[in-house]
Amino acid sequence: MAFLLNGNPVSIDNEVTINSIRYPHLRDPALREQLGIVEVADPENFDQRFYWGVGNPKLLNDREEVDQDGNPMYVKVLGVVNGEPAMVDSTERLVTKGLKSQWTAQVKTTAGSMLAQTDWMVVRKAERNVDIPATVVAKRAAIVAECDRLEVAIAACTTVEALIAVVGNQGWPA
């Protein structure tokens, strides 16, 4: 629970000054009532990676943007109009990336970072024919398999809740 005085949060456990009077604490309910301090429920929590607010999920799939008349919107680039620099439309459609695209990119980045730790062994094998340890080969295969599994699972999600379940169940090898 939270406590408010004139709409502003106030701590009941710390010293506070109200109307030039110092109070060591505001734990006494009668004193809080006298001062006009009200108890309110804590705001609902939500995962900001997936929601803009409580019950307001972020965009799941990519969306090609349109203007208010329904006409396609295009990415702006720096060009020249009448001999002056100006922002002009390109031929590339303006696309807002949804959560599925964002999480797929994150999964690929994670896999790439994990594989990068042993990429030098792959190069060494290609350049000098030095064997890669079997444990490293197995771990790299497990990383690629988990990346593939997550990409397929993310693509199959039809709701934000399903996506949360998928990304909450990542099984990267240690």
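Okay, let's start with a term: two strands count as paired if DSSP finds at least two bridges between them. Keep that in mind for the sheet I'll open with. And one caution before we go on: what you have up there is a predicted model.

So, the sheet. It is an open one with 3 strands, in the order S2-S1-S5, and the pairing is antiparallel. Which strands sit at the edges? Those are S2, residues 8-9, and S5, residues 37-40, and each of them pairs on one side only. Take S1, residues 2-5, alongside S2: they run antiparallel to one another, and the pairing covers 2 bridges. If you want a spot to click on, Leu-4 is opposite Pro-9 of S2.

Now the turn from one strand to the other. Asn-6 sits in the loop between S1 and S2. Its phi is near 55°, so to speak on the positive side, and this is a residue other than glycine. Is Asn-6 buried or exposed? Exposed, because its relative accessibility is 71% and the cut-off for exposed is over 50%.

There's another asparagine like that a bit further along. Asn-19 has phi near 50°, again a positive value in a non-glycine residue. You'll find Asn-19 in the loop joining S3, residues 16-18, to S4, residues 21-23. Asn-19 is exposed too, with a relative accessible area of 70%.

One more loop before the helices. Asp-42 lies between S5 and S6, the latter being residues 51-53. Asp-42 counts as partly exposed, at 48% relative accessibility. Leaving aside residues up to four places away in sequence, Asp-42 touches Met-1 and Ala-2. For a sense of scale, go from Asp-42 to Lys-139: they are 97 residues apart along the chain, and their C-alpha atoms are separated by 45 Å.

Right, helices. Let's rotate to H2, residues 99-116, and H4, residues 134-156. These two pack at an angle of about 180°, and their axes are 10 Å apart. Angles over 145 degrees count as roughly antiparallel, so that is what H2 is to H4. Who makes the contact? From H2 we have Lys-100, Trp-103, Thr-104, Val-107, Lys-108, Ala-111, Met-114 and Leu-115, and from H4 there's a set including Arg-140, Ile-143, Val-144, Cys-147 and Leu-150. By class, the residues in that contact of H2 with H4 are 11 nonpolar, 1 polar and 4 charged.

H4 has a second partner, H5, residues 160-167. Here the angle is about 170° and the axes are 9 Å apart. That makes H4 and H5 roughly antiparallel as well. On the H4 side it's Leu-150, Ala-153 and Ile-154, and they meet Leu-163, Val-166 and Val-167 of H5. How does that contact of H4 with H5 divide by class? It has 6 nonpolar residues, no polar and no charged.

And to close the triangle, H2 with H5. Their axes come within 11 Å and cross at roughly 10°, so H2 and H5 are roughly parallel to each other. Leu-99, Lys-100 and Trp-103 of H2 make this contact with Val-160, Leu-163 and Val-167 of H5. That contact of H2 with H5 comes out as 5 nonpolar residues, no polar and 1 charged.

What ties these helices together? In soluble globular proteins, nonpolar side chains tend to be buried together. In this model, the largest nonpolar core has 20 residues, and Phe-50, Leu-99, Trp-103, Ile-154, Leu-163 and Trp-172 touch the most other members. H2, H4 and H5 each supply at least two residues to this core, and H2 gives the most, with 6. Look at Ile-154: leaving out residues up to four places away in sequence, Ile-154 touches Lys-100, Trp-103, Thr-104, Val-107, Leu-163, Val-166 and Val-167. Apart from that core there is another, of 10 residues, including Val-10, Val-16, Leu-26 and Ile-37.

Last stop, a charged residue. Glu-146 is in H4. Glu-146 is buried, because its relative accessible area is 8% and buried means under 20%. What does Glu-146 touch? Outside its sequence neighbours up to four places away, that would be Asn-169, Gln-170, Gly-171 and Trp-172.

That's my tour, happy to spin the model around for anyone.

Methods. Residues numbered from 1 in each chain as written. Predicted model: local features only at pLDDT ≥ 70, side-chain atom pairs only at ≥ 80, totals over all residues. Heavy atoms only, no water. Axes fitted to C-alpha atoms, helices over the stretch in contact; angles between N-to-C directions. Helix = DSSP H or I, 4+ residues; strand = E, 2+ residues; numbered from the N terminus. Parallel < 35°, antiparallel > 145°, perpendicular 65-115°, else oblique. Contact = heavy atoms within 4.5 Å. Nonpolar A, V, L, I, M, F, W, Y, C, P; charged D, E, K, R; others polar. Core = buried A, V, L, I, M, F, W, Y, C linked by side-chain atoms within 4.5 Å. Buried < 20%, exposed > 50% of the residue type's maximum accessible area, 1.4 Å probe, protein only.
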